[in-house]
Every structure is written in C-alpha cells, then in structure tokens.
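The following exercises are meant for a reader who is meeting this structure for the first time. Each consists of a task and a solution in steps.

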There are 2 protein chains.
Amino acid sequence: MASPRYRRLGRDERREQILAVARRMFTELPYTEVSTTAIAREAGVQRGLVHYYFGAKRELFLQVVRHLTATLATQLPPLPEGLLLEEMADLCVAHFLDAADANATTWFAAVDAEGFGQDPELMRIVNRTRDLTVEHLLKALRVPGPTDTLRAVLRAYSGLAEVATREWLQHKALNRAQAHTLLASSLLTLVRDIAPAVERS
Amino acid sequence: MASPRYRRLGRDERREQILAVARRMFTELPYTEVSTTAIAREAGVQRGLVHYYFGAKRELFLQVVRHLTATLATQLPPLPEGLLLEEMADLCVAHFLDAADANATTWFAAVDAEGFGQDPELMRIVNRTRDLTVEHLLKALRVPGPTDTLRAVLRAYSGLAEVATREWLQHKALNRAQAHTLLASSLLTLVRDIAPAVERS
DNA sequence: CAAGCTATTGGCGATGTGCCAATAACGTGT
DNA sequence: ACACGTTATTGGCACATCGCCAATAGCTTG
C-alpha cells in the first residue's frame with residue numbers, strides 16, 4: 001500500500017542520471033569542492049550507490065571528462081570539397097568558434113580539466129581529443145605530406161586557439177570577428193609558411 | 001640533559017622550510033594526492049604546524065603557485081637597445097626557451113596549475129603572470145601603440161608558446177631549433193601582420 | 001635560574017572516501 | 001495472486017584528511 005521508499009531504475013538509466021548530475025557539478029565547481037555526498041544528494045540517491053556504479057570518485061570524474069571531450073569531438077563539421085586553402089581555413093575556424101560559443105561552459109570545463117596536475121590518464125584523454133582536432137584540420141586543409149612536425153605545429157596552434165577563444169568569450173578583449181581574423185590568418189601562416197620553415201630547422 | 005624532543009625554529013625559517021617541501025610535493029603530484037599529513041611528515045614536523053602557518057591546505061597551495069610564478073617572472077632578461085624587430089624577437093624567444101628549459105619542472109607545474117578547475121584566485125595569479133610576460137614582450141618589441149587588442153593577441157601567442165614548449169620538452173615532437181623557429185616567426189607575423197588586421201576587424 | 005614568549009605538539013570533531021553485507025523493489029514463473 | 005530470485009539500493013563500518021585549539025615545551029631574556 002505504502003509507496004516504496006525508493007524507485008528502482010535500470011542499470012544504464014541510473015548510471016546516466018548520476019553521470020548527468022556529476023557533469024553539471026564538475027563543470028560548475030573545482031574537483032575538490034565536489035563531494036560524492038553532494039552528487040548523491042542532488043541525484044536523490046544514497047552516496048553508496050555512486051560508488052557502486054563508478055567505484056572511486058576519480059573514476060567518475062574521468063567519465064565526466066571523457067563525456068565532455070567526446071561531445072566536443074562529435075561536433076566536427078563535414079568537409080566540403082574543392083575549396084581554396086583560405087576558404088577552408090575560414091570555414092574550419094568558423095565552425096570551431098560556433099562550437100565553442102554553443103558549448104561555452106562545457107568547452108572551458110574540458111579545457112580546464114587539462115591542468116589537473118600531472119594525472120596521466122587525464123592527460124591522455126585530453127591529448128587524444130586535441131589530436132583528433134588536429135587530424136581533422138589536416139584532412140580539411142589537404143596539406144600534401146602531413147608530417148609529424150606539422151602535427152606538432154598544429155597542436156601548438158590549438159594552444160593559441162584555446163587562449164584566443166578565452167579572450168573572446170571570457171575576458172572579452174576580442175569580439176567574434178577579431179577572434180576569427182586572428183585564428184584564420186594564424187592558421188594560414190602556420191600551415192603555409194611557418195611549418196615548412198620549422199621542418200627545415 | 002636529554003636532547004629536546006623537537007627543534008624550535010624561527011617563524012620565517014620554519015615557514016620557508018615547509019614551503020620548500022610543499023613546493024616539491026605539489027610539483028610532483030596532483031593536488032588531491034598531496035596531504036598535509038605527508039607534507040608534515042616530509043618536513044619532520046606535526047601536521048598541526050602546517051595549519052598553524054598556512055591555515056588551510058588550499059592557502060598553502062596558492063602560496064606555492066605564487067612562488068613558482070614569481071620565480072619565473074624574475075627571470076625576465078634585460079632589454080638590449082637598438083635592435084631590429086627580428087633580432088629582438090629572436091632574443092626574446094631564445095631567453096624564453098632557455099628559461100623554460102632550465103626550470104622545466106617548475107615551469108610545467110606552474111602552467112599545469114592553471115586548469116585547477118575554476119578557482120578564481122588561482123586564475124588571477126596565473127593570469128597576472130601571463131600578463132607580466134606580455135608586457136615584457138611589448139616593451140621589448142617596442143611596438144608603437146600597444147593597444148588592448150595587441151595584448152589579447154599576445155596572450156593568445158603565449159598559449160601557442162606554452163604548447164610549443166611542451167612539444168619540445170615533453171612530447172619531443174620538436175627539437176630546440178624547430179621550437180625556436182616556430183615561436184620566433186609566429187611572434188613576428190602576429191605582431192607585424194596579424195595584430196593590425198585583427199585591430200581593423 | 002626564574003619567567004615569559006611562542007613555536008610546536010597532540011588530540012577532538014566534522015567531513016569525505018571506499019567498501020560491503022543487509023535490504024527491499026521489481027520482474028518472472030507458477 | 002503469490003512465492004521466488006535477481007540485483008538495485010540502502011545504511012553503516014573503518015579509515016584518512018582537514019581545520020582548529022588548548023596544552024606543552026623549547027628558547028630567550030632579565
């Protein structure tokens with residue numbers, strides 16, 4: 001007669017629900033200020049259940065980061081054919097800025113996670129995502145011989161892109177058009193002029 | 001008669017000793033894996049003393065980051081006179097790479113601290129250090145009207161420099177000469193060509 | 001050598017984490 | 001309808017960490 005004391009959900013269902021709560025909280029607060037107790041409370045569940053599904057708190061955090069980066073990676077745009085290098089760079093940058101704008105909080109949370117001091121697994125996750133973007137750029141720009149040097153240059157470029165985006169969306173020292181100009185012309189120069197020079201060094 | 005159970009040091013002396021231990025441990029391990037207990041143990045002291053000097057663990061950590069960034073900031077080279085823009089850029093990059101090389105662990109620890117999720121005070125510290133470097137670049141390159149836009153572009157450049165350094169020292173996808181070429185030519189192009197274009201956008 | 005200052009200790013209380021046995025919700029077979 | 005088995009969920013134990021503070025004990029000074 002009496003209503004049950006708790007609702008029993010399917011494994012994947014509950015798992016996803018807790019993950020959603022964790023996602024929100026980890027993007028809002030630093031790691032140390034998010035307790036499994038708080039996550040459980042917000043999910044309307046006992047703390048033990050969180051550990052039942054995810055083991056350690058760190059594991060849950062890694063799942064969250066994996067999800068964030070995966071979300072961003074799937075938003076890579078399709079590649080139109082037969083464009084000039086300039087047009088292609090423009091397009092890539094536009095798509096990138098759109099994605100960053102649309103998922104600002106997600107994006108910064110993922111990027112910020114990088115510095116979570118020396119955690120090897122976390123470094124691996126974030127680096128793999130960065131490499132995905134680099135490979136996408138390589139395909140899009142159709143550079144003849146994609147060497148390791150060029151990849152390194154493009155990874156460095158992603159560092160520039162990260163801060164430039166921050167200057168636009170957070171610090172507001174640049175507007176969107178300026179961020180676009182900066183990113184597009186840097187990309188062009190890096191690929192066309194600087195990368196070959198670096199290769200020869 | 002019996003030797004005393006502990007040595008009593010002066011306030012600053014003990015403070016500096018604990019800080020040194022904390023510096024080492026925080027640069028070696030992630031924040032969560034460094035306990036005040038461990039710091040106290042390595043310093044040969046009771047845990048309570050750590051809190052007596054630094055209050056919360058977070059405060060101690062901030063002190064460490066402050067010290068790391070300050071150390072790097074004091075290594076800014078003097079500015080020689082009457083050089084071409086190219087030569088000046090070369091010089092700045094060379095000094096930068098030297099400093100990064102000499103203090104590799106310190107440098108990466110400071111840079112990594114940045115992402116310590118959304119901590120406002122920590123963001124402030126790291127940003128101020130970045131701005132110091134940017135101002136130094138501005139002075140060195142003697143650009144006519146140092147606008148806010150140019151500053152933003154240079155901050156973005158520091159993002160590129162950070163990753164490029166990592167590619168050289170950690171991932172080893174670039175050698176020193178290549179890192180130098182990348183950083184010097186990017187800096188030149190950004191200041192001479194791209195920043196004005198961004199300004200007009 | 002007594003007295004005072006304070007660096008240092010040692011321990012209490014609260015909170016967080018990892019784990020696991022007991023429990024209860026829900027699907028299934030009869 | 002009802003017992004049964006599965007397993008999602010709870011609740012609590014054991015331990016570590018953190019922040020704090022009263023008591024203690026080095027060192028210094030007169």
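**Exercise 1.** Which elements each supply at least two residues of the surface near DNA strand C?

*Solution.* Before the steps, the basis of the values must be stated. The model is predicted, so local features need pLDDT of at least 70 and side-chain atom pairs count only at pLDDT 80 or more, while totals for chains, interfaces and linings use all residues. Residues are numbered from 1 along each chain as its sequence is written, chains are lettered from A and ligands numbered from 1 in the order in which they are written, and side-chain values use heavy atoms, with hydrogens and water left out.

Step 1. A residue is near a molecule or strand if one of its heavy atoms lies within 4 Å of it. Helices (H or I, at least four residues) and strands (E, at least two) are DSSP runs, numbered from the N terminus.

Step 2. With these terms, the elements are α3 (47-54) of chain A and, from chain B, α1 (11-28) and α3 (47-54).

Step 3. The greatest contribution, five residues, is that of α3(B).

**Exercise 2.** Describe the residues and atoms that meet at DNA strand C.

*Solution.* Step 1. There are 25 residues around DNA strand C, and those that come nearest are Arg8(A), Arg47(A), Leu9(B), Arg11(B) and Tyr52(B).

Step 2. The surface near this strand has nine nonpolar, six polar and 10 charged residues. In this classification Ala, Val, Leu, Ile, Met, Phe, Trp, Tyr, Cys and Pro count as nonpolar, Asp, Glu, Lys and Arg as charged, and the others, Gly among them, as polar.

Step 3. Sugar or phosphate accounts for 67% of the atoms of DNA strand C within 4 Å of the protein, and bases for the rest.

Step 4. Individual side chains can now be placed against the phosphates of DNA strand C. An N or O atom in the side chain of Lys57(A) is 2.9 Å from a phosphate oxygen of the strand. For Arg14(B) the corresponding distance is 2.8 Å, and for a polar side-chain atom of Tyr53(B) it is 2.9 Å.

**Exercise 3.** Trace the surroundings of Arg11(B) within the protein.

*Solution.* Step 1. Arg11(B) belongs to helix α1 of chain B.

Step 2. Apart from neighbours within four places in sequence, Arg11(B) is in contact (heavy atoms within 4.5 Å) with Tyr52(B) and Tyr53(B).

Step 3. Arg11(B) and Tyr53(B) are 42 residues apart along the chain, and their C-alpha atoms are separated by 8.6 Å.

Step 4. The side chains of Arg11(B) and Tyr52(B) make a polar contact at 3.0 Å. A polar contact is a pair of N or O atoms within 3.5 Å; within protein, one must be able to donate a hydrogen and the other to accept it, and residues adjacent in sequence count only if both atoms are side-chain atoms.

**Exercise 4.** Carry out the analysis for DNA strand D.

*Solution.* Step 1. DNA strand D is surrounded by 26 residues, the closest being Leu9(A), Arg11(A), Tyr52(A), Thr36(B) and Arg47(B).

Step 2. These surrounding residues divide into 10 nonpolar, seven polar and nine charged.

Step 3. Polar side-chain atoms lie 2.8 Å from a phosphate oxygen of DNA strand D in Arg14(A), 2.6 Å in Tyr52(A) and 2.9 Å in Tyr53(A).

Step 4. Two or more residues of the surface near DNA strand D come from each of α1 (11-28) and α3 of chain A, and α2 (36-42) and α3 of chain B. The largest share, five residues, is that of α3(A).

**Exercise 5.** How are chain A and chain B related?

*Solution.* Step 1. Two copies of a chain are related by a rotation about an axis and a shift along it.

Step 2. Here chain A is superposed on chain B by a rotation of 180° with 0.0 Å of shift along the axis, at an RMSD of 0.0 Å. The fit is by least squares on the C-alpha atoms of residues with pLDDT of at least 70 in both copies.

Step 3. The two copies are therefore related as by a two-fold rotation axis. The same surface serves both, since 98% of the contact residues of chain A recur in chain B.
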